[in-house]
Amino acid sequence: MATQFVIDGLKASIDGKEILKGINLEIKGGEIHAIMGPNGTGKSTLASALMGHPKYEVTEGSAQLNGEDLLEMEVDERARAGLFLAMQYPSEIPGVTNSDFLRSALNARRGEGNEISLIKFIRQMEGKMKDLEMNPEFAHRYLNEGFSGGEKKRNEILQMMLLDPKIVVLDEIDSGLDIDALRIVSNGVNAMRSEDRGFLIITHYQRLLNYIKPDFVHVMMQGRIVKSGGPELAERLENEGYDWVKEELGIVDETVGQA
Amino acid sequence: MSTQLSTQANRQSAEALARSKGEPDWLVELRGEAAELAGTIEWPKPEKVRIERWNLTAIGNYEQPKEAGAVSELPEVVRGLVAEGTENLLIQRNSGAVWKQTSSELAAKGVIFTDLETACREHGDLVQPYLFQAIAKDEDKLTALNAALWNGGVFVYVPKNVEVELPLQAILYNDNPEATFAPHILIVADSNSRVTYVDCAVSDPGAAAGPFVHPSIVEVFVKPGALVRFGSIHSMGETGVDMTIRRAVVENDGRVEWIIGDLNDGNTLSDTKSVLKGQGSTSDTKVISVGMNSQQNSLTTQAVHFGKSSDSNMVTRAVMKDSASAIINGITKIEHGATKANGVQTEKVLMLSPKARGDANPILLIDEDDVTAGHAASVGQVNPEQVYYLMSRGISKQDAERLIIYGFLAPVVSEIPVEAVRGQLQRLLERKLEG
């Protein structure tokens with residue numbers, strides 16, 4: 001079945017403050033959607049709410065992946081159902097090597113009785129690390145501990161490549177990346193484009209979209225998607241900023257939950 | 001119930017027992033004096049743990065050891081610990097050695113690896129200058145009690161410039177709570193020698209059902225330029241009280257490495273100290289502990305710097321479940337004159353239940369200006385952000401917490417020098433963490 005991801009009327013709050021005020025979005029396999037918007041408009045909250053971060057409470061709506069509501073599931077179940085979130089601030093886990101972590105994640109995805117052999121796993125991991133121009137030493141380092149910002153982002157993409165998800169959410173994957181790292185990370189994402197996989201790219205710079213061409217661009221303000229269009233929308237935002245959108249829609253303060 | 005403390009630890013009975021075992025006069029005298037002291041001085045007083053409330057009376061009676069015919073006759077809890085193909089192995093059951101084996105290669109190099117009782121009889125000239133010199137018999141009731149009653153034990157002597165490649169292994173086990181189980185371990189590494197020693201103190205879960213006390217002392221002497229790696233895992237049953245005091249005296253450019261796993265199910269007092277006497281002497285101490293049920297743990301690491309440019313590093317990590325508690329003390333003392341000394345310590349407690357208790361007390365006592373020292377301590381629960389991150393990759397909550405906990409203990413587990421012991425440590429951790 002072709003991948004279909006439908007977010008319907010999603011509302012979420014943090015500490016009782018509503019941040020997402022009804023998000024509607026549909027992503028099909030093969031499509032790349034970009035969500036853009038100034039800081040503080042709810043973009044990262046959308047990513048965290050979809051994944052199930054414990055701080056965010058979903059108050060209304062659904063997020064169906066091939067007919068199953070992810071919001072009814074635990075975080076790990078969402079991941080096994082095919083959702084992947086490349087995080088803006090990945091956790092550091094001392095004492096757990098990157099390769100042990102990756103293998104645990106891969107085996108959790110594959111299910112009991114279908115674990116990958118060690119040799120096969122190492123071959124896969126090393127292959128993908130090479131594609132991402134990662135030093136092989138990173139397999140034996142503790143998970144994200146002492147990684148630079150760029151190394152963490154590459155490690156997120158490595159996980160995405162190994163876990164082969166159906167829906168990928170990239171939360172500010174471009175922040176903190178220099179131009180070379182941006183190119184490598186983008187190549188990794190582009191290599192994963194397929195008819196079975198949809199992408200949701202969250203960014204506030206158009207820069208990333210020069211490397212990863214989106215099919216649809218959405219602008220988020222005040223916890224809602226206020227404007228949608230094609231790639232030309234991203235270019236206009238890059239050239240003219242967000243003020244014209246605000247003017248057009250009569251928005252004075254685009255942020256949400258800041259006070 | 002054993003209340004032999006008063007009878008065994010009086011001068012007459014301690015001396016009589018020593019004589020009946022054919023111990024030399026100097027040792028008979030030491031035991032007699034210690035027995036008298038044990039009746040008058042106090043138990044040690046660790047921070048925030050009232051050990052006098054523990055059941056400390058079950059000292060038991062001396063049990064005549066019976067030599068084992070073969071390792072295969074020993075209980076499973078012991079056999080599983082033996083390093084495959086080892087030629088250097090010593091086993092103590094209850095009150096004495098029942099198995100000992102040293103390779104001819106080591107013997108030819110002059111290495112002595114035997115039980116301490118035998119060593120006192122056969123190598124008194126080597127033992128007497130060291131026994132109860134790192135730890136004085138009159139420090140407290142515990143040291144006096146061990147001096148009066150110690151049995152079996154381990155003696156390691158490595159001559160000058162000799163390097164012992166393979167680890168020496170000792171297993172000390174208790175399968176009779178009525179028997180006195182009080183090992184004393186003495187290691188002397190002469191100048192520029194190297195040795196790795198690993199032991200396990202266990203109780204047979206099928207047999208040791210009554211209360212027992214394990215008053216144990218370890219003394220390590222590191223001569224100039226020598227290196228001693230000392231690994232130890234304690235995993236005795238919940239009816240036992242483990243009180244173990246370890247101390248190393250390190251001379252010029254010598255080094256001691258402690259790797260300690262305190263994994264008993266019963267109350268535990270563990271105190272591991274390096275006295276850095278010599279210039280350029282160094283010490284590295286790693287301790288892990290897992291507590292469950294209502295177990296109380298007092299875990300202390302200490303480094304005392306006398307030597308110039310001496311260096312110490314101490315790491316303690318404890319995971320507390322249920323209503324277990326761990327009071328962790330780290331004491332770095334730098335004496336006047338120990339210029340360029342460096343002492344670093346870290347204590348961390350991970351609590352897995354709201355009723356678990358952890359306390360980390362880093363203490364720096366510095367009487368010299370020209371030094372560097374540092375400490376870090378933390379007490380907390382499993383970080384929910386970390387759990388979320390791992391779960392977001394499809395790992396179940398249980399497995400995520402497991403990874404984080406094992407990761408927390410990894411810095412010590414990965415350092416255990418004998419593979420069989422490391423494997424056993426993993427199994428013990430799994431049992432305690434997941435049982």
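Colleague: In this predicted model, which residues is V228(B) in contact with, leaving aside its neighbours within four places in sequence?
Modeller: The model is a predicted one, and two residues are taken to be in contact if their C-beta atoms, placed from the backbone, lie within 7 Å. With neighbours within four places in sequence left aside, the contacts of V228(B) are I187(B), A189(B), V195(B), V220(B), V222(B) and V256(B).

Colleague: Which residues touch the most other members of the largest nonpolar core?
Modeller: The largest nonpolar core holds 206 residues. V228(B) is among those that touch the most other members, and two of its own contacts, I187(B) and V222(B), are listed with it. The full set is V169(A), V156(B), I187(B), V222(B) and V228(B).

Colleague: Where does this core lie with respect to the domains of chain B?
Modeller: Chain B is divided into two domains, one covering 5–277 and the other 382–435. Because both of them give residues to the core, it lies between domain 1 and domain 2 of chain B.

Colleague: Which element gives the most to the side of domain 1 of chain B that touches domain 2 of chain B?
Modeller: The centres of the two domains, taken over C-alpha atoms, are separated by 30 Å, and their contact takes 17 residues from domain 1 and 12 residues from domain 2 of chain B. On the domain 1 side, two or more residues come from each of β7 (194–203), β9 (227–235) and β11 (255–262) of chain B. With four residues, the element that gives the most is β9(B).

Colleague: How many nonpolar residues has the side of domain 1 of chain B that touches domain 2 of chain B?
Modeller: By class, this side of domain 1 of chain B has six polar and two charged residues. The remaining class is the nonpolar one, and its count is nine.

Colleague: Which element gives the most to the side of chain B that touches chain A?
Modeller: The contact between the chains takes 21 residues from chain A and 20 residues from chain B, and the chain B side is made up of 11 nonpolar, five polar and four charged residues. At least two residues of that side are supplied by each of α9 (384–391) and α10 (397–413) of chain B. With nine residues, the element that gives the most is α10(B).

Colleague: What is the handedness of the crossing in which α3(B) passes α8(B)?
Modeller: The axes of α3 (residues 25–38) and α8 (residues 141–149) of chain B come within 7 Å and cross at roughly 145 degrees. Residues of α3(B), including L30(B), A34(B) and L37(B), meet residues of α8(B), including A144(B), L145(B) and A148(B), and the residues of this contact divide into nine nonpolar, no polar and two charged. The crossing is left-handed.

Colleague: Is D253(B) buried or exposed?
Modeller: D253(B), in the loop between β10 (240–250) and β11 of chain B, has a positive phi of about 60 degrees although it is not a glycine. A residue is buried if 20 or more other C-beta atoms lie within 10 Å of its own. Because D253(B) has 21 C-beta neighbours inside 10 Å, it counts as buried.

Colleague: Is G206(B) buried or exposed?
Modeller: G206(B) is placed in the loop between β7 and β8 (212–222) of chain B. The cut-off for an exposed residue is 12 or fewer other C-beta atoms within 10 Å. Because G206(B) has 11 C-beta neighbours inside 10 Å, it counts as exposed.

Terms used:
Residues numbered from 1 in each chain as written. Chains lettered and ligands numbered in written order. Predicted model: local features only at pLDDT ≥ 70, side-chain atom pairs only at ≥ 80, totals over all residues. Axes fitted to C-alpha atoms, helices over the stretch in contact; angles between N-to-C directions. Left-handed = near helix turned anticlockwise from the far one by under 90°. Nonpolar A, V, L, I, M, F, W, Y, C, P; charged D, E, K, R; others polar. Core = buried A, V, L, I, M, F, W, Y, C linked by C-beta atoms within 7 Å. Domains from an automatic or database assignment.
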